[in-house]
Every structure is written in C-alpha cells, then in structure tokens.
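Take a walk through the structure shown below. The route goes from domains to helices, then to the contact between chains, and ends at two loops.

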Amino acid sequence: MSHDDRHPERLVSPPGSGVRRLTTAGLVSKTADLFFVPLAILPTVALSIAVLGFPLILSLIMSFVAWSIDQPVSEAQFVGLRNYRDLFADPVFLASLGLTLGYTAATVCLEILLGLAIALLLNLELPFIRFFRTALIVPMMVTPIVAALCWKLLLDPTYGLVDHLIGSPVIWLGDPTLALITVGGVSVWQNAPFVALLILAGLQSVPKEVMEAARIDGATKIALFRHITLPLLSPYLLVAMLLRIIFEFRAFDNVYVMTAGGPGNATLVLSIFVYNTSFFSFDLTLASAASWIMLLIVLIVSLLLIATKRPKETD
Amino acid sequence: MKSLSHTSYRRGCYYVFVYAALICMLVTFLLPLLWVLGLSLKTREQIFTTPPLFLWWPTLENYFAVLSGGNFLVSFWNSLLVTTSTVLVSLFVGTPAAYAIARFRFPGRKLIFFSLLLMRMLPPIAALLPLYVMYSLVGLINTRIGLILAYTTFSLPVIVWVTRDFFQSVPRDLEEAAYMDGASRMGAFLKIALPLAKPGITTAAILSLLLAWNDFIFAAILTNNATRTSPVLLSTYAGSETGTDWGAIAASGILVLLPVIVFSLTVQRHLIPGLSSGAVNDARIP
C-alpha cells in the first residue's frame, strides 16, 4: 500500500479528458485503484474466515464424527446425526434447552415491558429529564462480570443489602427456582436500560404535529397511544425484542459468576452446558453438536431481524 | 402537559408522581453500584456488620491493598493492552472495508455485509471450542495476540456497520473532485472520507473498546494466569464464600468500571445505533 502514500498528482488525467499519459506512476496508481476494493475488503474477510468461519466449519465437522480427545485425529469416524441424537436423548441437555428458552422468553418480556415503561417516563418533557436519561446509560455499560459480582455481594443472605432491606434472610442463589429468577433479574436490571433508550429513540421520532392534531380532534390519551404511538413504535419494539432474544439466549457471564449453573442444574443455560461439555467433560463432538443447535436457533432469529423492515432505511 | 384545564393541584400531584417514579428508577439502577462503591470504601469490620453501615468515614485501604498486590495490576495491564490493540487493529482492518461497502458496488457486497451482521449475532461459546483447538495447534493459546485477533473479529461487524453509515453521509462530490485532481482511491479514502467520518470512527472505536474491555468468555477460555484480563481475575473471586475479602472485590470492580463509564458517557449519543448493530440506524439518545 506504500505506493499510494506518494501523491500521484496530475499524473493521471481526469477521466473523460481523452488524454492519457502513460507514465509509470500513472499505471501504478490505476492498477492500485483496480485493487482498492479487494484490498480494502480482504483483511476483514480473511480475519472473519480464519477466526470464525474456519472454527465453525471445524465444529460442524466435529458434530458429525465420533472421536474422543485422546484418539489421533485419523481415527475420527463419520457417524451422521448420532451426536445430535445422543444430545436429544440426554435429559440434561433437554432440560438446559427448555430452561434457556424459558429464561430468554421471561427476561426479554420483562426487559421490553420495563423498558417501555421507563421510555414513556423519560419521554416527558420535564426539567432535569436529561439527567435521568444519561444516568440510565451507566448500568447497561457496566462490565457484566462486575455487575454479577456486585449483585452477589448485594444478595448475600448474611451481610447483603437486599436481605437487610426486605427484612428476612432470603437465600437468593441457593434455591433452585429462586436462583434462575435471580440470575435473570440481574440481566433484566442490566439490559432494561438499553431497551428503554432504544424505545425512547423511537418515541422521539413520533411526529409532534400528528399527536397534536389527534388531540385536538378529541382523542383520549389511551387512544393516542394505541393508534398513533404504538404503530410507529412497533419497528423499534421488534428490533429491541429480537436483539434481546439473541443476547439473552447466549447468557453466560451472569450465570457463570453467580451460580455457575447450579444449584444442581437449576441455572444450566445452554452456554454453560456447552462450556462444561467442552472444557470439563472434554466431549468435543457432543459440545460441537450442541453449539450447532444454538447456532441454528440464533440464525433463525437473526434472519428474522434482517428481514424486519428497519425503522428508517438509509440506502 | 400544560393544558389549562388542569388545576394547579392536579398538576402538582402529577409532578410529584412522575418525579417519584423517576427517582425510583434511578435508585433501582444506580443504588446497587453506589452501594458497592460504598463497600470499597469501608474497612473489613465496617463491611461485615449487621445491620449494614450507612454512614462511615471512607477509607482507601482496599484500593491500596488491591493495587499493591501483583494480580490485579497484571490483569489490568493485560486488559488495557488487549483493549487498545483491539481498537487500533479493528479500525485499521474495518474502516477500509466499511468504506468499500459504502462507496463501491462489487460482487458479494451484500453477502459480506449481512455475514457481518450474523457474526455479531452468533453466540461466542459456539465458536470458542473449535477456536481453542485451533489456537492450541498454531500456538496462539494463552497469548494476548490470540485474544486481540478474536476481539478484532468480533468487533468488525460493529465497526463496519457504524462507520459505513458515516461514510455514506459524506458527500460523494468531494471524492469525485479529488479524483479529478488525480488522487487515487486510497488517497481519496485517507485524505477525504476518513477525516470527514471522524465522529463515526470515534463511536466505532469506543464500541469496540467496550466489547474488548467488558468481555469475559473469550478471555476465560483463551488466556492463562499470566495473560488473563481483569474480568477473568474478578470471576475467580466469585467462587469463594462469605469469608472472602469483599473490600478487595468491590475495589477491583470499581477500578474496572471507571474507564468504561467515563468512555460511554462521552459517546452516549451514538451508543444506541452502535449497540443495535445498525438495526436502528438513526436512533440517537435524545
């Protein structure tokens, strides 16, 4: 790329001028122009393939073979869908899949509802409202591991603030049902602000004149919300929902720090299942199959997201 | 809101209600963090009291303890090094691609663009096992370079989506004029488009910074004790029970959060479009 650092000024005539001076530098510059797009794209494509594409293909292959970590690679045998069948016969995996879907559905619903409520509140034109909007950025930016660790201290049954405030020692993370709710609650705490700010951006895009006109025509507040705000807001809600589904489905950090999948398997979400199968049981083929099931589910949601008409198209 | 039909009494009630709700919201979202900030400023005795102490003379002893022990500093240094490199490398790799996608029509353009979106959506754990195997084979396991490459790849979608929008908003005429003056494509990119897209590049840089700084899962799998980042070190505190040093946990947590919070408040207006991976192009925090 160094040849472009020189200034090939005036060596190439303007296009369409009919005169083309074939100096060496001019040729170099023209050739460089031809290669500009490939050169600009290449590093991105190469890195994506090397760090992501290649491992994913490796994992796809691994999900179709029988092989254990102490065998030489040459002994790996193609077994078709056996790993997938094993997986769907494994009660731990099935429980983990169900639990992850439930966790995702519950956290996303709560985040959307809470986010919508907060956004409506923050949309009011009041003194100091900007301060409240800015303050809401903080929890969503916090390192998830630190957030989970903070909540672990806050929820401690003996010295934690939460149990002191409610006045009874609740063991938040030790009880199987409560642990999943708690872990999900921390995620809602961290991510509802993101949903709120996204929806707030949508609310701000509702034209004031339309609202005003409808109000003059005698529409009630509820009618205004149902017939004007909500339809205009729906693309934002949909984007928020699909994005949150994708990110809650991969939940790992908060669960890992707060419960590590326990007690028992009460919070064993799919990411933790894959992590344990890969790095504790070293069952690489089974872990690969589980990874690909996760990938397929995310792929479907992502395609929905891409297919969704975006709130405003730029091109 | 200021309709004359409201009596001043009703308006007063309305304000009381709205501000009460806003303050409730603020307490819910900020008190947990402020409480931990408080813990970090307490002595061991002050932390383990029942009921918890609400007023005390703050002490910095936890911070001195954390910063004088080697572990935290090593991990913090790793975090800084890895994050800075990720931002630089991913900008270097990603901005030319974003520019090419914004300006030129070429076969595969749409494919690359949407593949990048999909990359952002993939659950990292699904790629980490094969990546771990591959890194072990090529000797990148437990190295900062390996971690930087992984973060760069996962930053690229964000970089490309965000900067592409900004490149598209740069008027084409300026580059056309530069071509007339004999500039090459690379020249037009470096001297005209890049400086004009600076706000977008800043946003992209900070989003990639957040990704690298806040990540746990990649670092947990791809590093060892010498190369681990701060979140990995912090996660090791989680396993232990109440006997552990809460002051140190709180102080390290706060030290890790400070840079992120400062950075994100500086770019707050551009965070939403970036974090939604371009799904909401024009959404700015008002």
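## Domains, helices and loops

In this predicted model, the domain assignment splits chain B into domain 1 (8–40) and domain 2 (62–275). Taken over C-alpha atoms, the centres of domain 1 of chain B and domain 2 of chain B are separated by 34 Å. Where the two domains touch, four residues of domain 1 of chain B are in contact with seven residues of domain 2 of chain B. On the domain 1 side, three of the touching residues are nonpolar, one is polar and none is charged.

Next, the make-up of the chain. Chain B holds 14 helices and zero strands. Of its 286 residues, 49% are buried. Consider contacts in chain B between residues at least 6 apart in sequence: 75% of them join residues at least 24 apart.

One helix deserves a closer look. Helix α4 of chain B covers residues 70–103. How far should its 34 residues span? At 1.5 Å a residue, the expected span is 50 Å. The end C-alpha atoms of α4(B) are 49 Å apart, so the model agrees with that expectation. Yet α4(B) also has a kink of about 30 degrees. The kink is centred on L91(B).

Now turn to the contact between the chains. Chain B contributes 89 residues and chain A contributes 92 residues. Which helix gives the most to the side of chain B that touches chain A? Helix α1 (residues 8–40) of chain B does, with 12 residues. What is the chemistry of this side of chain B? Its residues divide into 68 nonpolar, 16 polar and five charged. Residues 8–40 thus appear twice on this route: as domain 1 of chain B, and as helix α1 of chain B.

The last stop is the backbone in two loops, one in each chain. In chain A, the loop between α11 (253–258) and α12 (270–279) contains A260(A). Phi of A260(A) is near 55 degrees, a positive value in a residue other than glycine. Is A260(A) buried or partly exposed? A260(A) counts as partly exposed, because 16 C-beta neighbours lie inside 10 Å. A residue is buried only from 20 such neighbours, and exposed at 12 or fewer.

In chain B, N142(B) sits in the loop between α6 (124–138) and α7 (144–169). This residue, again not a glycine, has a positive phi near 65 degrees. With 16 other C-beta atoms within 10 Å, N142(B) is partly exposed.

Notes. Residues numbered from 1 in each chain as written. Chains lettered and ligands numbered in written order. Predicted model: local features only at pLDDT ≥ 70, side-chain atom pairs only at ≥ 80, totals over all residues. Helix = DSSP H or I, 4+ residues; strand = E, 2+ residues; numbered from the N terminus. Nonpolar A, V, L, I, M, F, W, Y, C, P; charged D, E, K, R; others polar. Expected span 1.5 Å × (residues − 1). Bend = angle between axes of the 7 residues up to and from the residue. Domains from an automatic or database assignment.
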